[in-house]
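Reader: I'm new to this. Could you walk me through the empty spaces and the greasy parts of this one?

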Amino acid sequence: MGLKEVQDYFQSRGIQNEIILLNESSATVELAAKALNREPGEIAKTMALQLKDGTNIVIVIMGTARIDNRKYKDCFGCKAKMLSFDDTLAITGHPVGGVCPFGLPEGIKVYLDKSLKKYETVFPAAGTPNSAVGFSIADLEAAIDGTWIDVCKEEEQE
């Protein structure tokens with residue numbers, strides 16, 4: 001699960017970015033940064049959350065960024081509620097550690113946090129806990145048609 005949906009998503013949209021399959025885990029920011037020989041901030045961390053009304057969303061943030069509870073509540077009108085381990089796979093089609101903004105079931109809205117803009121290129125997962133794909137910020141935005149938001153702590157973006 002996960003990788004095929006991402007490959008199909010890329011093919012259907014003409015996305016040429018190469019999916020990097022690793023021999024080691026990239027399930028955490030630290031592991032992905034080490035495996036890809038990148039700074040932790042360059043890893044695009046994708047978080048699966050549920051809003052108060054039951055709507056499921058994913059937010060892509062800079063790897064070292066943290067959600068600012070006040071900003072999140074101001075943006076979405078509720079506290080941040082992460083999906084459980086089991087719900088993450090069931091709802092997104094991607095396992096924890098491989099959640100990404102590609103190949104998601106219809107109805108899951110994707111948001112991009114402005115923290116990503118610190119880097120020219122970022123590396124989200126590609127549907128598995130041992131995959132990644134590099135994107136320029138502009139190409140990532142185009143690939144997922146996401147909405148830009150500001151929900152991360154400022155001090156983490158310096």
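Author: Sure, a definition comes before anything else: on a 1 Å grid over the protein atoms alone, a pocket is an open set of points where a 1.4 Å probe fits, with protein on both sides within 12 Å along at least five of seven lines, and lining residues have an atom within 4 Å of a point. Points are joined across faces, edges and corners, and volume is the space filled by probe spheres set on them. The model is predicted, so local features need pLDDT of at least 70 and side-chain atom pairs 80 or more, while totals for chains, interfaces and linings use all residues. Numbering runs from 1 along each chain as its sequence is written, and side-chain values use heavy atoms, without hydrogens and water.

Reader: How much space lies in the second largest pocket?

Author: About 190 Å³. Its lining includes Y9, R13, P101 and D145.

Reader: What is the volume of the largest pocket, and which residues lie nearest its centre?

Author: The volume is about 440 Å³. A27, T28, K45, T46 and G97 lie nearest the centre, out of 28 lining residues.

Reader: What makes F76 a contact of other residues, leaving aside its neighbours within four places in sequence?

Author: Contact means heavy atoms within 4.5 Å. With those neighbours left aside, F76 is in contact with L51, I57, I59, Y111, I149 and V151.

Reader: Why is the group with F10 and F76 called a nonpolar core?

Author: Because such a core is a set of buried Ala, Val, Leu, Ile, Met, Phe, Trp, Tyr and Cys residues joined through side-chain atoms within 4.5 Å, where buried means under 20% relative accessible area (1.4 Å probe, protein chains only). The largest one has 45 residues, and F10, I59, Y72, F76 and F102 touch the most other members. Another core of 9 residues, among them L22 and A132, lies apart from it.

How values were computed:
Buried means under 20% relative accessible area, exposed over 50%, partly exposed in between (1.4 Å probe, protein chains only).
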